[in-house]
Amino acid sequence: MASSATSTSFQFSLKPSINLNPISRSESSSNLSFRFQNQNNHESSLLSSSSSSLRLNRSSSCNSIISSVSLKLNRIVASAASTSAVMEEPSTNSSSSTTTDPTIVNVDLGNRSYPIYIGSGLLDQSHLLQRHVHGKKVLVVTNTTVAPLYLEKVTSALTHGRSDIVVESVILPDGEKYKDMETLMKILTKAAESRLDRRSTFVALGGGVIGDMCGYAAASYLRGVNFIQIPTTVMAQVDSSVGGKTGINLPQGKNLVGAFYQPQCVLVDTDTLNTLPDRELASGLAEVIKYGLIRDAEFFEWQEKNMSALLARDPNAMAYAIKRSCENKAEVVSLDEKEGGLRATLNLGHTFGHAIESGYGYGQWLHGEAVAAGTVMAVDMSYRLGWIDESVMKRAFNILEQAKLPTTPPEIMTVEMFRSYMAIDKKVADGLLRLILLKGPLGNCVFTGDYDRKALEETLHAFCKS
C-alpha cells in the first residue's frame, strides 16, 4: 500500500524558458503541481494554489519554494524581451570558430548572483578571472591529473598584468575516494600556512570532486571566503560547478557533510575537454540526459539525434549541450537555491546511484556511471507505478546505452545494500524516503514520498540477484 499522505509531493515540468504559465493543481491529490509551458508571448503570471491543499500539507520547505518562485518570476519575465534562455540548435557539421566573447548564462540569486562563462580559449582571457578576484591572494585547488595540464595556464591568467596578485596552490590526489575530511584538511591547512585572509579567493580547478571540496573549504575557512569554479570535466561543467552545492563524503554515504555556498563565477573553457578521457566524457553525459528526462523534452529529442556528435566531441554540439544544461540548472537554482523541493528533481537516479557508489566503493564507478544505472532503476519504478508509458522507458534506456553508460548496477549490489544506503539519503524526511520519479509525458517528473512501496521492492529485486 502507498504510504499515508503525510508528505508533500512536487510535480514539475519547468523548461529552460523565460515565459511561465500559472501552476495547475491536481484535483485528485494534495500534490503541488508546478507546470511551466513555453509560450510565444511574454505574459507574466503569478503562482496560484488551493489554500486547502496548502493547509493539509504545507511544510516550511514548501513555503520557501512558493515564496522564492513568486519573488523571482518578475525578474525572470522582465529579462525575456532582451534575452532568450533557449539556445538555437547548432549545426553539428560546421567547424568551430574561435570567438572573443564567451556565452554567458546568469544564475539569478539576488546579491549572490553570478555568471557562467562558456566558450573556447577562456583561460587565455585573463580579465574574466581577474574581475572576480577581490583580494590579492589566491589559492588554486587542483589534483595530480589536472595540475600538469592547466595549473600554469590558470596561474598566468590570474597574474597577467597584476604583479600584486600572489597565487598559491594545493595539489590533491585524484579520485572520489579522496573526497573526505582528511583531504579537505589539506586545503584548509595550506590556506592557513599561506596566511590567506577574508579577501582571499579560492579557485577550484578540476572536476566535481575538486569543485565540491574547494567550495566547502571556501565556505568554512574564516567562515567564508570568495571562490571561483573552473570545471574541467563534462560532469562538472553541466552540473556540479553550478548551484553552490559543496561537500565531502562519509563512509556511511555520499555528500553527507557540506554547505550551500555560491561561487563568484563559473568559467567553462570547453578546450579543457580535449584532454578528458572517453569514460569521463560519457559519465558527464548522464547529467545532460537527466535534464531532458525531467524537464526539457525538446532537449532530450535533440540529444537522441546528436549523441554520436557528443561522443565524437563535436565542438558545436558540446557547446550547445553545456549551455542548455547550464540554462536548465541555473533556472532551477534561481527558484530553489537550497533544495526545498524543486531543486531536488535534479537528482533523478541519484538516490539509487549514490547507493551504488557507497556500496561498491567510492571511485570504482564514476559518478555519472552510477547515476546512469540509477536513472534506469528510477525510470523502471516509474513505469511499474503506471506513471509513464513504455515508450518513455525505452527511450531513456536507449539513450543511456547509446551514450555507452551502464544500465544495470554492479553485481555486488544486493537489495539489502540498496535499502541500507538509501535509508540515510539526504532526501529522507521523518523516516520517509522521497524519490524523483518520472510522471506523465517526457520532460515531467515528481519529487514525492507518496508511492506504492511494492513498486520500489519490485525494481530492486529486478536489478539485483539477491
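Three elements, strand E10 (253-260), helix H11 (350-360) and helix H14 (415-422), each supply at least two residues to the lining of the largest cavity. The model in which this cavity appears is predicted. Helix H11 is the main contributor to the lining, with 4 residues. In total, 13 residues line the largest cavity. Lys254, His354, Tyr421, Ile424 and Asp425 lie nearest its centre. The space enclosed there is about 100 Å³. Across the whole structure, the search returned 3 cavities of 30 Å³ or more.

The chain as a whole contains 15 helices and 15 strands. It has 466 residues, and 58% of them count as buried. Contacts with a separation of 6 or more were also examined by sequence distance. Of these, 74% join residues 24 or more positions apart.

Two helices were examined along their length. Helix H6 spans residues 208-220 and has 13 residues. From the first C-alpha to the last, H6 reaches 18 Å, close to the 18 Å expected at 1.5 Å a residue. H6 is mostly covered, with 12 of its 13 residues buried. The buried set runs through Gly208, Val209, Ile210, Gly211, Asp212, Met213, Cys214, Gly215, Tyr216, Ala217, Ala218 and Ala219. Just after H6, Leu222 adopts a positive phi of about 55°.

Helix H12 has 18 residues. Its reach from first to last C-alpha is 26 Å, close to the 26 Å expected at 1.5 Å a residue. Of the 18 residues of H12, 16 are buried, so the helix is largely enclosed by the rest of the structure. Gly386 follows H12 and has a positive phi, near 80°.

Met381 lies within H12, which covers residues 367-384. Met381 has a relative accessible area of 0% and is therefore buried. Neighbours within four places in sequence aside, Met381 is in contact with Phe352, Leu435, Leu437, Tyr451, Ala455, Leu456 and Thr459. Met381 was also compared with Glu457. The two are 76 residues apart in sequence, yet their C-alpha atoms are 9.0 Å apart in space. Tyr451, one of the contacts of Met381, also has a charged residue over its ring. Arg453 lies over the face of Tyr451, at 3.9 Å from the ring centre. A second such arrangement involves Lys290 and Tyr291. Here Lys290 lies over the ring face, at 4.4 Å from the ring centre.

Further buried positions were found in helices H9 and H10. Gln303 is placed in helix H9, residues 297-311. The relative accessible area of Gln303 is 0%, so this residue is buried. Residues up to four places away in sequence are not counted among its contacts. With that exclusion, Gln303 touches Val288, Ile289, Gly292 and Ile399.

Ala321 belongs to helix H10, residues 315-335. Its relative accessibility is 1%, and Ala321 therefore counts as buried. On the same exclusion of residues up to four places away, Ala321 touches Val288, Phe299, Trp302 and Leu310. Val288 is thus a contact of Ala321 and of Gln303. Ala321 and Leu285 are 36 residues apart in sequence. In space, they are 9.1 Å apart, C-alpha to C-alpha.

Aromatic residues also form groups. Ring pairs link Phe299, Trp302 and Tyr320 into a cluster. Two members of this cluster, Phe299 and Trp302, are in contact with Ala321. In the structure, the count of aromatic pairs comes to 7. In one of them, the rings of Tyr360 and Trp365 have their centres 6.1 Å apart. Their planes stand at 85°, above the 60 degrees required, so the pair is edge-to-face. The two partners differ in burial. Tyr360 counts as partly exposed because its relative accessibility is 30%. Trp365, at 16% relative accessibility, falls under the 20% limit and therefore counts as buried.

Definitions and conventions:
Residues numbered from 1 in each chain as written. Predicted model: local features only at pLDDT ≥ 70, side-chain atom pairs only at ≥ 80, totals over all residues. Heavy atoms only, no water. Phe/Tyr/Trp six-rings, centres within 6.5 Å; stacked < 30°, edge-to-face > 60°. Buried < 20%, exposed > 50% of the residue type's maximum accessible area, 1.4 Å probe, protein only. Lys NZ or Arg CZ within 6 Å of the ring centre and 35° of its normal. Expected span 1.5 Å × (residues − 1). Contact = heavy atoms within 4.5 Å. 1 Å grid on protein atoms, 1.4 Å probe; cavity = no way out; pocket = protein on both sides within 12 Å on 5 of 7 lines; lining within 4 Å. Points joined across faces, edges and corners; volume = space filled by probe spheres on them.
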